[in-house]
Amino acid sequence: MVYGKNVSDLQEVEISDYKATGTLKYVKEYDKFEKGAEGNFLAIEVEEAKNGDTVTCELSDPEKKGNVTLNSKDYLLVAKIHDKSQTITIKNGKTTKVLDLTGLTLSPSE
């Protein structure tokens, strides 16, 4: 569960070598993410944060807030994705990795 939704309600996604592939489902009334939120959301566990590191994540071209800090208590990143050309930059100390989202399909509103 992420902010009151099952991950399977949000996505059917695989991540390999920092490239995401699959489908982000269109979600309506995702109020625990943000009141009235709707759209396509990506939810991922950030392993480095889960293992105890403090990690910053930045979403390129966000509609609103684009930066978050994660740690062992909160290692789940949920981002609203509006274009598959966006990327997520994950910084852990001196290590920077960029998650490629071009392999995603964004389901339209029904």
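Leaving aside neighbours within four places in sequence, which residues is Y3 in contact with? Keep that in mind as you open the model, which is a predicted one.

**Stop 1: Y3**

Select Y3. You will find it in the segment before α1, the element spanning 7–10. Now show what surrounds Y3. With neighbours within four places in sequence set aside, its contacts are Y30, K32, F33 and V78. Pick V78 from that group. It sits 75 residues from Y3 along the chain, yet 8.7 Å separates their C-alpha atoms. Is Y3 buried, exposed or partly exposed? Its relative accessibility is 42%, so Y3 counts as partly exposed.

**Stop 2: the largest pocket**

Stay with V78 and add F33, K65, V68 and A79. These five residues lie nearest the centre of the largest pocket. The pocket has a volume of about 510 Å³. Its lining takes in 24 residues. Colour β5, β6 and β7 (76–81) next: these are the elements that give two or more residues to the lining. Which of them gives the largest share? β7 does, with five residues. Now colour the lining by residue type. You should see 13 nonpolar, three polar and eight charged residues.

**Stop 3: the second largest pocket**

Move to the second largest pocket. About 160 Å³ of space lies there. Select its lining: I15, Y18, I44, E45, V46, E47, E48, I90 and L99. β4 (39–45) and α2 (47–50) each supply at least two of these residues. By type, the lining splits into six nonpolar and three charged residues, with no polar ones.

**Stop 4: the sheet**

Switch to a cartoon view. Look for an open sheet of six strands. Step across the sheet in the order β1-β2-β9-β8-β5-β6. The pairing is mixed. At the edges are β1 (11–16) and β6 (67–70), each of which pairs on one side only. From one strand to the next, the twist averages 20°. What holds such strands together? Strands of a sheet pair through backbone hydrogen bonds, either parallel or antiparallel.

**Stop 5: β5 beside β8**

Select residues 55–59 for β5 and residues 87–92 for β8. These two strands pair in the antiparallel sense, over four bridges. Check two positions along the pair. T56 has K91 of β8 as its bridge partner. E58 stands opposite T89, also in β8.

**Stop 6: T89**

Zoom in on T89, which has its place in strand β8. Is T89 buried or exposed? T89 is buried, because its relative accessible area is 18%, and buried means under 20%. Show what T89 touches, not counting residues up to four places away in sequence: T56, C57, E58, T96, K97 and V98. E58 appears here again, as the residue opposite T89.

**Stop 7: β8 into β9**

Last, add β9, residues 95–106. How many bridges join β8 to β9? There are six, and the two strands run antiparallel. Find N92, which stands opposite T95 in β9. The hairpin of β8 and β9 has two residues between the strands. Click on G93 in this hairpin: G93 takes a positive phi near 65°.

Methods:
Residues are numbered from 1 along each chain as its sequence is written. This is a predicted model: local features need pLDDT of at least 70, side-chain atom pairs count only at pLDDT 80 or more; totals for chains, interfaces and linings use all residues. Side-chain values use heavy atoms; hydrogens and water are left out. Two strands pair if DSSP finds at least two bridges between them. Axes are lines fitted to C-alpha atoms, for helices over the stretch in contact, and angles run from 0 to 180 degrees between N-to-C directions. Buried means under 20% relative accessible area, exposed over 50%, partly exposed in between (1.4 Å probe, protein chains only). Contact means heavy atoms within 4.5 Å. On a 1 Å grid over the protein atoms alone, a cavity is a set of points where a 1.4 Å probe fits but cannot get out, and a pocket is an open set with protein on both sides within 12 Å along at least five of seven lines; lining residues have an atom within 4 Å of a point. Grid points are joined across faces, edges and corners, and a volume is the space filled by probe spheres set on the points. Ala, Val, Leu, Ile, Met, Phe, Trp, Tyr, Cys and Pro count as nonpolar, Asp, Glu, Lys and Arg as charged, and the others, Gly among them, as polar.
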